[in-house]
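Here is a short tour for a first look. Keep the sequence and the 3D view side by side as you read.

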Amino acid sequence: MRSLSYAVPALVGDGRPARAVRELRGGTRKGVWRVVLADGSRVVAYRWHPDHDRWPGGQGPPDPADPFSAASGPGLFAAAHALLTGAGVRVPALYALEEDGGGGALAVVEDVGPTLEQVMEADPGRAAPVLEHLASVLGVLHGRTHPVFGKVAHVAGGGAPAAASCHEAVLGRALADLEEAARLDARVGTARPALEEELCARAARIGPRPGGYALVHGELGPDHVLVAADGRGALIDFEGLMWFDHEWEHAFLRLRFADHRRLATRPVDAHRMGLYVLALDLSLVAGPLRYLAGPAALDRGVMAGIAERALGRALASVGCGGGW
């Protein structure tokens, strides 16, 4: 694998080796580094390579027709970056993209600033206008619609979803997550019949979706927003960008932002929210447990805590919270 000290400067037109390379906390499917170039300027490098994918293998390649399949890779990144940029949404500027560089795909992007999560912890006053800007960004995203749902790259290529509707896709994913979580945690196994019944009951209350599907980030938390010097937020980790029910976005926002109501964009369907909140909790049980079962898992305590909190909420939804 080529050294980033040479690969990144070569991509951005500077043949001299970088001054410094420091790995950053990033996603679990790609490597992320801050690179100081020879002239002192800084950029961020993303590298997609199996060595940087910490999720257990053996599940086969992701299904592009499944909006919830693994969202990683330069193709998804480039398609989402182009669509967001075209919509006027602030994202890190893309300086170079090399899809096959003899050691994994490599993207070089603008080094914007700290995450909103870091700013919220260190200086809540500085975070307030960023949240206001984020609300306007979400309004732009959710104001754009498409008649077909799915990952943006798949839809742009003329692809169709495997499910008949967003809520059917969510239900299918939730039932699979429930099955997996039941194998990995005995408490889920005991509660599985009640949770399956509750999922199906919530899905049965959902009617047809009028109009088109909104543009949603899919995993938008304060760690996926960078704060620029001008106070605007820049979205990152957007490979999972998709056309989908905006309620899915709001289920995630409700979980990650204490004051999530200030990020409201459009009225939500209560029945969809009911299904999506429970489905998201089951995803946050099964996903971390699967991750922790892999040999390359990092931040084990963080992942275990995510799974435990989500499990508590899921069990409480079927009246099993107190004694578990």
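How many bridges join strand S2 to strand S3? The answer is six, between residues 31-36 of S2 and residues 42-48 of S3. The two strands run antiparallel. One detail: Gly31 has Arg47 in S3 as its bridge partner. Note that this is a predicted model.

## The sheet

S2 and S3 belong to an open sheet of five strands. The order is S1-S2-S3-S5-S4, with antiparallel pairing. Strand S1 (20-23) and strand S4 (94-98) stand at the edges. Each has a single partner strand, so one side of each lacks a neighbour in the sheet. From one strand to the next, the twist averages 20 degrees.

Two helices pack on this sheet. Helix H1 (residues 4-11) touches S1, S2, S3, S4 and strand S5 (105-110). The direction of H1 makes about 65 degrees with that of S5. Helix H2 (residues 74-86) touches S3, S4 and S5. The direction of H2 makes about 150 degrees with that of S4.

## Helix H10

Now move along the chain to H10, residues 300-317. This helix has 18 residues and reaches 26 Å from its first C-alpha to its last. That is close to the 26 Å expected at 1.5 Å a residue. After H10 comes Gly319, whose phi is positive, near 75 degrees.

Which residues of H10 are buried? They are Met303, Gly305, Ala307, Ala310, Leu311, Ala314 and Leu315. The buried residues pack against helix H7 (186-204) and helix H9 (270-292).

H10 also meets H7 through a salt bridge: Arg187 lies in H7 and Glu308 in H10, 121 residues apart. Their side chains come to 2.7 Å, N to O. Arg187 is partly exposed because its relative accessibility is 24%. Glu308 is partly exposed too, at 41%.

## Salt bridges around Arg256

The whole structure holds 19 salt bridges. One of them joins the side chains of Glu117 and Arg256, at 3.7 Å, N to O. The pair links distant parts of the chain: helix H3 (residues 116-122) holds Glu117, helix H8 (residues 246-256) holds Arg256, and 139 residues separate them. Glu117 has 22% relative accessibility, so this residue counts as partly exposed. Arg256 is partly exposed at 28%.

Arg256 forms a salt bridge with Asp223 as well, with the closest N and O atoms 3.1 Å apart. Asp223 sits in the loop between strand S8 (213-216) and strand S9 (225-227), so the pair ties together parts 33 residues apart in sequence. Elsewhere, salt bridges with shared partners join Arg209, Asp245, Glu247, Asp269 and Arg272 into one network.

Methods: Residues numbered from 1 in each chain as written. Predicted model: local features only at pLDDT ≥ 70, side-chain atom pairs only at ≥ 80, totals over all residues. Heavy atoms only, no water. Helix = DSSP H or I, 4+ residues; strand = E, 2+ residues; numbered from the N terminus. Expected span 1.5 Å × (residues − 1). Buried < 20%, exposed > 50% of the residue type's maximum accessible area, 1.4 Å probe, protein only. Contact = heavy atoms within 4.5 Å. Pairing = 2+ DSSP bridges. Axes fitted to C-alpha atoms, helices over the stretch in contact; angles between N-to-C directions. Salt bridge = Lys/Arg side-chain N within 4 Å of Asp/Glu carboxyl O.
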